[in-house]
Amino acid sequence: MKKAIKLILIILWITMIFCFSSQKGTSSSNLSNGLIYKVTSYITGNKVSNKEKVILSNKYSKFVRKMAHFSVYLILGILVISFISEFNIKRRYLLAVILCVLYALTDELHQYFVPGRSCELLDILLDSASSFLGVLFYKFIISIKKGNN
C-alpha cells in the first residue's frame, strides 16, 4: 500500500508539471506575474501602483519562474527516491537522479511544441540539479534517522 501511495504521488506530481508545461507562453507569464502582483500587494498593503507592479514583474519574473522549476523538481527528486527506496536496488540514488533528468529532458522537449514556450538547456540543468538536491536531501534525512536509532 505504501508503494502504491508513493507511486500515485509521483504520477500526480509529474501530471502537475506537465500541465504547467502545457500552458501557452502568455498564460505561463500571467501566472508568474500574478504571483508577483499578489506578493507585492500583500507586502505593501496595496500601496504600489499598477505601473510599479509591472516594473517589479519585469524585474523578478525570471527569478520566480526559475524558483518554480527549482521547487517542483526538488520535490520530484524526493518523491522518486522515496518510491525507489521501497525496493532493494543497489544504485537507487543514481537511478532516481537519472529518472528525474530524463523527465526534465522530456518536459523541456514538450515545451518546444507549446506556443510561446521553448526548450531551454538552462532549465534542463536547473531541473536536473534541483532533483539531485532533492535526492541528496532525502539521503541526508534518512542518514539522520538511522543515526538516531
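**Helical architecture and pockets of the predicted model**

Arg92 is partly exposed, with a relative accessible area of 23%. This value comes from a predicted model, in which Arg92 belongs to helix H4. When neighbours within four places in sequence are set aside, the contacts of Arg92 are with Ile81, Ile84 and Ser85. By contrast with these contacts, Ser118 lies 31 Å from Arg92, C-alpha to C-alpha, at a sequence separation of 26 residues.

The protein chain as a whole contains five helices and zero strands, and the order of its elements from the N terminus on is α-α-α-α-α. The helices are H1 (2-22), H2 (25-44), H3 (50-84), H4 (92-112) and H5 (121-148). Along the principal axes, the C-alpha trace of the protein chain spans about 55 × 40 × 30 Å. Of the 149 residues in the chain, 32% are buried. The accessible surface comes to about 9800 Å², and carbon and sulfur atoms account for 69% of this area. Among contacts with a separation of 6 or more, 71% join residues that are 24 or more positions apart.

Confidence in the prediction was examined for the chain and for its elements. The mean pLDDT of the protein chain is 89, and 99% of the residues reach 70 or more. Helix H4, which holds Arg92, has the highest mean pLDDT among the elements, at 96. The lowest mean, 77, is found for H2.

Three further residues, Ser61, Val72 and Ile75, illustrate the setting of helix H3. Ser61 counts as buried because its relative accessibility is 15%, under the 20% limit for that class. Beyond the neighbours within four places in sequence, Ser61 is in contact with Ser32, Asn33, Ile36 and Leu56. Val72, also a residue of helix H3, has a relative accessibility of 18% and therefore counts as buried. Residues up to four places away in sequence not being counted, Val72 touches Trp13, Met16 and Ile17. The C-alpha atoms of Val72 and Asp127 are 8.3 Å apart in space, although 55 residues separate the two in sequence. Ile75, in helix H3 as well, counts as partly exposed because its relative accessibility is 33%. Ile75 and Tyr60 are 15 residues apart in sequence, with a C-alpha to C-alpha distance of 23 Å.

The search for open space in the model was considered next. Rolling a probe the size of a water molecule over the atoms shows where empty space is left. The largest pocket holds about 590 Å³ of space. Its lining comprises 26 residues, of which Ser28, Arg65, Ala68, His69 and Arg117 are the closest to the centre of the pocket. At least two lining residues are supplied by each of the helices H1, H2, H3, H4 and H5. The largest share of this lining is that of H3, which contributes eight residues. Divided by class, the lining of the largest pocket consists of nine nonpolar, ten polar and seven charged residues.

The second largest pocket has a volume of about 150 Å³. Its lining is formed by Ser85, Arg92, Tyr93, Tyr138, Ile142, Lys145 and Lys146. Arg92 and Ser85 thus appear together in this lining, and these two residues are also in contact with each other. Helices H4 and H5 each provide at least two residues of the lining of the second largest pocket. The greatest contribution to that lining is made by H5, with four residues. Three nonpolar residues, one polar residue and three charged residues make up the lining of the second largest pocket.

Technical notes:
Residues are numbered from 1 along each chain as its sequence is written. This is a predicted model: local features need pLDDT of at least 70, side-chain atom pairs count only at pLDDT 80 or more; totals for chains, interfaces and linings use all residues. Side-chain values use heavy atoms; hydrogens and water are left out. On a 1 Å grid over the protein atoms alone, a cavity is a set of points where a 1.4 Å probe fits but cannot get out, and a pocket is an open set with protein on both sides within 12 Å along at least five of seven lines; lining residues have an atom within 4 Å of a point. Grid points are joined across faces, edges and corners, and a volume is the space filled by probe spheres set on the points. Ala, Val, Leu, Ile, Met, Phe, Trp, Tyr, Cys and Pro count as nonpolar, Asp, Glu, Lys and Arg as charged, and the others, Gly among them, as polar. Buried means under 20% relative accessible area, exposed over 50%, partly exposed in between (1.4 Å probe, protein chains only). pLDDT is the predictor's confidence in each residue, from 0 to 100. Contact means heavy atoms within 4.5 Å. Accessible areas come from the Shrake-Rupley method with a 1.4 Å probe; for residues, only the protein chains shown count as cover.
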